[in-house]
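Biologist: I'm new to this one and would like a close look at a single part, the nonpolar core. Could you walk me through that part and what surrounds it?

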Amino acid sequence: MLVKPKSKLDLPDEIRALQPLTPAVFYTLFALANGEKHGYAIMQSVKGLSNDSVRMGPGTLYTTIQRLLKIDLIEELTPRKRAEESERRRRVYRLSGLGRRVFDEEVSRLGAVLRQVRLNKLIPRGSEAR
Amino acid sequence: MISLAVSISIEAFQRLVILYPLDLRREFGDDLVEVFSQQIETAWEENAWRGIAGAWLNVLADYAAVALPCLAARLAVPVLTAVISSVWFTLALTAINPSR
């Protein structure tokens, strides 16, 4: 049985072209959906959220950040907006409104996939998704 | 005290940052080094030499994913130009002196 997922969000074409999101992009947005972070904190968060299955090196991390900044999915906080004085040297990033919409849409898409898998009774034995 | 292995690793990485694409280095050069430094310090604290080896393996995979495609694209034009020039030169020599 197939159910066509419906998207209620109207996203720009350049964002649509990114979907489905790559693991690096998805987990970076996921990490920032939990709150603003600097580069190393994003890296650590991605490692934890993906159960250690996605490990980003410095280049992959900043290539992803550079790309997401360019298309306004994330934004850099100005120094005075940063919470702690000690964080002044580091660049801190947060999810933009558009980034939140893209993340929500990807989560909905993955949810729809999971529903289909459940409907078709294809979830592997012992899987946490059961 | 930071271990010598950590200091050497950070020093080496600072030199190897040049392998990353220019626009990435210009915008995030210091951040790349800072993130690697934190990564290698944590790796050393948690797993000593195994941690250092793991962090370097991660960096090698990172170069393969980010730096190599960029390097290949940068080298493609000069290498192709050299190959085409050589072929053209050989063909030209053969045409001038067909007996050779």
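Modeller: Here is a walk through the core, then the sheet beside it, and then the place where the two chains meet. Keep in mind that this is a predicted model.

Let's start with the core itself. The largest nonpolar core holds 36 residues. Those with the most contacts inside it are A:Leu29, A:Leu32, A:Ile42, A:Leu61 and A:Ile74. As a bit of background, nonpolar side chains tend to be buried together in soluble globular proteins.

Which elements build this core? From chain A, two or more residues each come from helix H2 (23-33), helix H3 (39-49), helix H4 (58-70), strand S3 (92-95) and helix H5 (97-119), and chain B joins in with its helix H2 (22-96). That chain B helix, H2(B), is the top contributor, giving eleven residues to the core.

Now zoom in on A:Leu32. Leaving aside residues up to four places away in sequence, A:Leu32 touches A:Lys37, A:Ile42, A:Ile74, A:Tyr93, A:Arg94 and A:Leu95. Two of those partners, A:Ile42 and A:Ile74, are also on the list of residues with the most contacts inside the core.

Next comes the sheet. In chain A, three strands form an open sheet in the order S1-S3-S2, with antiparallel pairing. Its edges are strand S1 (37-38) and strand S2 (74-76), each of which pairs on one side only. S2(A) and S3(A) are joined by three bridges, and A:Glu75 has A:Arg94 of S3(A) as its bridge partner. Lying across S1, S2 and S3 of chain A is H2(A), which runs at about 95° to S3(A).

Stepping back, chain A as a whole has five helices and three strands, and along the sequence they follow the pattern α-α-β-α-α-β-β-α. Of its 130 residues, 25% count as buried. If you take contacts in chain A between residues at least 6 apart in sequence, 56% of them join residues at least 24 apart.

Last, have a look at where the chains meet. Here 13 residues of chain A are in contact with 17 residues of chain B. On the chain A side, H3 and H4 are the elements that give two or more residues, and H4(A) gives the most, with seven. By type, the residues on that side are five nonpolar, six polar and two charged. H3 and H4 of chain A also turned up among the elements that feed the core, along with H2 of chain B.

Terms used: Residues numbered from 1 in each chain as written. Chains lettered and ligands numbered in written order. Predicted model: local features only at pLDDT ≥ 70, side-chain atom pairs only at ≥ 80, totals over all residues. Core = buried A, V, L, I, M, F, W, Y, C linked by C-beta atoms within 7 Å. Buried ≥ 20, exposed ≤ 12 C-beta atoms within 10 Å, placed from the backbone. Helix = DSSP H or I, 4+ residues; strand = E, 2+ residues; numbered from the N terminus. Contact = placed C-beta atoms within 7 Å. Pairing = 2+ DSSP bridges. Axes fitted to C-alpha atoms, helices over the stretch in contact; angles between N-to-C directions. Nonpolar A, V, L, I, M, F, W, Y, C, P; charged D, E, K, R; others polar.
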